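Subject: Structure for you, with notes

Hi,

Here is the structure I promised to pass on. My notes on what turned up in it follow below.

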Amino acid sequence: MFYDAYQAQQDILAPFQGFARGSSRLLRQFDEAVPGVFPLRHWAAMFDILGGARTTHERPPFGFTSVQVDGESVAVTEEAVHAMPFGTLLRFRKDTKRKQTPVLLVAPMSGHFATLLRGTVATMLPDYDVHITDWHNAREVPVSAGSFGFDGFVAHISAFLRAMGPGAHVVAVCQPAVPVLAAAALMAEERDPARPRSLTLMAGPIDTRVNPTSVNELATSRPISWFEQHLISTVPWRFAGAGRHVYPGVLQLTAFLNMNMDRHVKAYADQFRHIVSGEEEAATAHRRFYDEYLAVMDLPAEFYLETVKIVFQDHSLPLGKLTVGGRLVRPELIQDMSILTVEAERDDICSVGQTAAALDLCSSLPAERKRNHVQKGVGHYGVFNGRRWSTEIYPMVRETIESANRAAEAAAA
């Protein structure tokens with residue numbers, strides 16, 4: 001019933017919010033044509049906030065059309081390399097003859113679209129052949145496509161790496177750290193030629209027993225049956241995924257908003273002032289961020305529930321009990337990969353120490369192929385987006401990839 005009520009509310013509000021957005025644009029245009037009518041900006045600001053504070057369920061565009069490679073501007077096009085019901089391996093193909101190292105950027109399936117990592121892609125795109133996991137909104141996946149659980153996520157990562165071929169590297173952001181490490185361990189055990197040369201795990205919950213956050217404590221405070229009863233809904237009849245059980249993205253968004261409500265309230269108060277004072281660049285940046293942040297995708301119910309139980313309640317990976325497809329996951333069998341773990345000093349979602357736990361699990365790797373970095377002065381999102389990511393963290397990611405390439409070339413010589 002929650003989903004039906006939520007969707008009905010969205011349908012009712014949609015025309016009013018559309019009117020508000022249109023009115024704000026008209027008032028701003030009129031103010032530019034006839035400057036000095038100061039109250040117009042106050043009305044424009046009010047309409048802008050009323051019209052912009054809304055959730056959407058469609059993936060925003062990545063928007064990459066060109067990039068600088070070796071000082072030359074080259075065209076960028078999106079290419080679907082391998083499509084599966086719940087996700088597509090998307091490549092940002094560059095119009096250049098230069099051969100670049102392939103990198104799989106694994107986006108979280110946690111209520112937002114993969115475009116949340118647009119800033120991550122933008123930083124890496126000039127140097128690497130970047131691919132990304134473009135997860136699909138579960139409410140648009142027909143029930144006939146079957147279920148999608150934790151094992152399915154691991155299978156998707158392995159399938160995407162095989163589609164990319166040997167020599168690829170993986171960068172996993174947040175939630176995918178556990179299934180990515182599991183996929184790497186299973187591929188290492190099989191000596192799969194497509195196993196990644198390096199793993200970069202960023203702010204991911206490898207072992208949530210370490211310095212538990214409020215998110216971790218919530219996950220362990222109730223039995224899994226409570227999550228199923230209170231947080232799982234059924235997709236309404238009008239969508240392609242009608243009848244599918246999902247964890248609605250709007251619920252995850254609400255949880256994220258509540259964790260930092262003061263910051264979001266301040267952001268909208270600042271937006272009002274930006275418009276009134278004519279600071280259009282700052283106002284545009286606000287709209288761009290919240291258009292992305294408020295675009296939500298639903299998660300398959302089985303994936304959400306299994307992740308809560310496996311990662312946050314049972315701690316299956318660090319306890320050596322994680323199985324995928326009936327096979328025990330053994331990170332100690334990883335012998336020829338480089339691993340970088342990145343954590344944020346102010347992370348209130350995945351605290352310091354939780355991601356670095358992966359290094360101890362990969363006990364067969366020599367010390368020189370393992371590294372942890374704690375980024376000072378940032379929270380969870382600062383690990384993969386913003387100035388600190390591009391100037392301080394990314395150079396370490398790049399060195400991890402390049403050193404792994406050198407090691408692979410030396411081993412093959």
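Two strands are said to pair if DSSP finds at least two bridges between them. Strands here are DSSP runs of E with at least two residues, helices are runs of H or I with at least four, and both are numbered from the N terminus. Please keep in mind that this is a predicted model, so local features need pLDDT of at least 70 and side-chain atom pairs count only at pLDDT 80 or more, while totals for chains, interfaces and linings use all residues. Residues are numbered from 1 along each chain as its sequence is written, and side-chain values use heavy atoms, with hydrogens and water left out.

**The nine-stranded sheet**

Let me begin with the pairing of β2 and β3. Strand β2 (residues 72–84) runs antiparallel to strand β3 (residues 87–94), and eight bridges hold the pair. The connection is a hairpin of two residues. Within the pair, A80 of β2 faces L90 in β3, and A83 stands opposite T88. On its other pairing, β3 meets β5, again antiparallel, over five bridges; L89 has T133 in β5 as its bridge partner. Strand β3 is mostly covered, with six of its eight residues buried (buried means under 20% relative accessible area, exposed over 50%, and partly exposed in between, with a 1.4 Å probe and protein chains only).

These strands belong to an open sheet of nine with mixed pairing, in the order β1-β2-β3-β5-β4-β6-β7-β13-β14. At the edges stand β1 (66–69) and β14 (370–375); each has a single partner strand, so one side of each has no neighbour in the sheet. From one strand to the next, the twist averages 25 degrees. Angles of this kind run from 0 to 180 degrees between N-to-C directions, with axes fitted as lines to C-alpha atoms (for helices, over the stretch in contact).

Helix α4 (residues 150–164) lies across several strands of the sheet, namely β2, β3, β4 (102–106), β5 (129–135) and β6 (169–173). Its direction is at about 160 degrees to β4. Contact in these notes means heavy atoms within 4.5 Å.

**Strand β7 and T200**

How many residues of β7 are buried? Five of the five are, so the strand is largely enclosed by the rest of the structure. In a regular strand the side chains alternate between the two faces of the sheet. In β7, S198, T200 and M202 point one way while L199 and L201 point the other way, and all are buried.

T200 is a good residue to click on. It sits in β7 (residues 198–202) and counts as buried because its relative accessible area is 0%. Leaving out residues up to four places away in sequence, T200 touches V170, V171, A172, L340, V342, V397 and T400. One of these, V171, has T200 as its bridge partner in β7. The strands β6 and β7 run parallel and are joined by four bridges.

**The three-stranded sheet**

There is also an open sheet of three strands, ordered β8-β9-β10, with antiparallel pairing. Its edge strands, β8 (233–234) and β10 (299–300), each pair on one side only. Two bridges link β8 to strand β9 (residues 245–247) in the antiparallel sense, and S233 stands opposite V246 in β9.

**Surface and loops**

On the surface, W43, M46, L50 and F272 make a nonpolar patch of about 380 Å². For patches, residues need over 30% relative accessible area and no salt bridge; like charges are joined within 9 Å and nonpolar side chains (Val, Leu, Ile, Met, Phe, Trp, Tyr) within 5 Å. A salt bridge is a side-chain nitrogen of Lys or Arg within 4 Å of a carboxyl oxygen of Asp or Glu. Areas come from the Shrake-Rupley method with a 1.4 Å probe, and for residues only the protein chains shown count as cover. Helix α2 (residues 38–52) gives the largest share of the patch, three residues. M46 lies in α2 and, at 31% relative accessibility, is partly exposed.

Two backbone angles may also interest you. D70, in the loop between β1 and β2, has a positive phi of about 55 degrees although it is not a glycine, and it is exposed at 63% relative accessible area. N211 is not a glycine either, yet has a positive phi of about 45 degrees. N211 lies in the loop between β7 and α6 (214–220) and is partly exposed, with a relative accessible area of 47%.

Best wishes
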